[in-house]
Amino acid sequence: MHIKIGTRKSKLALWQANHIADLLQAAGNTTQLVLIDTTGDKMQLVSIPKIGSKGVFTKELEEALLNGSIDIAVHSAKDMPSELPEGLELIAFTKREFIRDVIISHNPDFRLEAGKGSPLIGSSSTRRRAMLSRWYPNARTVEARGNLQTRIDKMEHGICEALLLAEAGVRRMQYDSMIVQVLPETLFTPAAGQGSIAIETAGDLNPGIKDAVRVACNYEEAELCLAAERAFLHTMQGGCSVPVFCLVKPEGKMLKFHGGIFSLDGKKLAEYTDLITANNSSHAENLETAINAGKNAGQSILDSGGVDILAAIKKDLGR
């Protein structure tokens, strides 16, 4: 199969697209990268909530899928809206790596400590900023949008002392030496999908191409976990501007779910933890079980205070 791969132009997006291309080529396919600018890439001086978070990094790629100029689009799974436009679907998720958040700094002695000093941390994520306010109220935050290299450049020019980022992107771009602190997932629980690469297609794409992509790229364990996380995100009406967090991990023959929502200032929190039994006879049945568990978890949080937190967030954002 010859497969046209749509991707953003940032170095990290290209790393992800080339990773998918390598997997496809190893399975005997040929590939072609198609580079596309997205709204989020074009408006790097504007915060994501002000742009309107839905599809910030995906809209133009999805238009290319629908008009047939590309066969697949490659995304960071955490960037994918919980609801896709009509006619599109996610068909594969890669093996998950480096799920946590990290602090990077040019100062190797920098440490984020509760009650110690008033460090200035750069982050464009409402989830991370809310968690900083919750667990490290002594820390100050500043908006730091852009691709990884742009953010590091901003830090070098003094807008902040350190950056709070996804570990996956930092390591994939080989900035490991700048990591000064890896934050525990129990406190800084990641966004839904963090650490995995998602592959999106048009629903009417050639079935042979879909099958080739799934065989080469899909990791069933990750697909199960992300199915639950994305169902939770959808139920919670979560997007880039809402501090929703969710992580599903294998635990023996079960899946452990932990998710929730913070208020924008981090002062209010509603969360939920459970074990999901997903040992049915088929992968399709396990996917259905995971999706239902994610929906139920989201509804439980909404019923126990989450709906009020979500309403306050929407009011603050003017929605």
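**Stop 1: the sheet.** Select strands 11, 12 and 13 in this predicted model. They form an open sheet of 3 strands, in the order 11-12-13, and the pairing is antiparallel. Now colour the two edges. Strand 11 covers residues 244–251 and strand 13 covers 269–277. Each of these edge strands pairs on one side only. Turn the view to look across the strands. From one strand to the next, the twist averages 10 degrees.

**Stop 2: one pair of strands.** Keep strand 11 and strand 12, residues 254–262, on screen. How many bridges join them? There are 8, and the two strands run antiparallel. Pick out one example. Select Cys 246, then find its bridge partner, Gly 259, in strand 12.

**Stop 3: the helices on the sheet.** Add helix 5, residues 126–135. Helix 5 packs on the sheet and touches strand 11, strand 12 and strand 13. Its direction makes about 80 degrees with that of strand 12. Next add helix 9, residues 220–235. Helix 9 also packs on the sheet, touching strand 11, strand 12 and strand 13. Compare its direction with that of strand 11: the angle is about 150 degrees.

**Stop 4: two cysteines.** Show the side chains of Cys 225 and Cys 246. A disulfide is a covalent bond between the sulfur atoms of two cysteines. How many disulfides does the count give? The count is 0. Take Cys 225 first. The nearest cysteine sulfur belongs to Cys 246, and it is 9.7 Å away. A disulfide would need the two sulfur atoms within 2.5 Å, so Cys 225 is in no disulfide. Seen from Cys 246, the nearest cysteine sulfur is that of Cys 225, again at 9.7 Å. Are these residues buried or exposed? Cys 225 counts as buried, because its relative accessibility is 3% and the cut-off for buried is under 20%. Cys 246 is buried as well, at 0%.

**Stop 5: Tyr 272.** Go to strand 13 and select Tyr 272. This residue is partly exposed, because its relative accessible area of 24% falls between the 20% and 50% cut-offs. Show its contacts beyond the residues up to four places away in sequence. They are Phe 257, His 258, Gly 259, Ala 297, Ser 300 and Ile 301. You met Gly 259 at Stop 2, as the partner of Cys 246. Now select Gly 298. Tyr 272 and Gly 298 are 26 residues apart in sequence, yet their C-alpha atoms are 8.3 Å apart in space. Finish here with Asp 274. A polar contact of 3.2 Å joins its side chain to that of Tyr 272.

**Stop 6: Asn 138.** Return to helix 5 and follow the chain towards strand 7, residues 140–142. Asn 138 is in the loop between them. Asn 138 counts as buried, because its relative accessibility is 15% and the limit is under 20%. What does its side chain reach? One target is the backbone oxygen of Lys 116, at 3.1 Å. The backbone oxygen of Gly 117 also lies 3.1 Å from a polar atom of the Asn 138 side chain. Leave out residues up to four places away in sequence, and Asn 138 touches Glu 113, Ala 114, Gly 115, Lys 116, Gly 117, Ser 118 and Pro 119.

**Last stop: confidence.** Colour the chain by pLDDT. The mean is 92, and 94% of the residues reach 70 or more. Then select residues 47–51, where the pLDDT is below 50. This stretch has 16 contacts in the model beyond near neighbours in sequence. Where pLDDT is low, the predicted coordinates should not be read in detail.

Terms used:
Residues are numbered from 1 along each chain as its sequence is written. Side-chain values use heavy atoms; hydrogens and water are left out. Two strands pair if DSSP finds at least two bridges between them. Helices (H or I, at least four residues) and strands (E, at least two) are DSSP runs, numbered from the N terminus. Axes are lines fitted to C-alpha atoms, for helices over the stretch in contact, and angles run from 0 to 180 degrees between N-to-C directions. Contact means heavy atoms within 4.5 Å. Buried means under 20% relative accessible area, exposed over 50%, partly exposed in between (1.4 Å probe, protein chains only). A polar contact is a pair of N or O atoms within 3.5 Å; within protein, one must be able to donate a hydrogen and the other to accept it, and residues adjacent in sequence count only if both atoms are side-chain atoms. pLDDT is the predictor's confidence in each residue, from 0 to 100.
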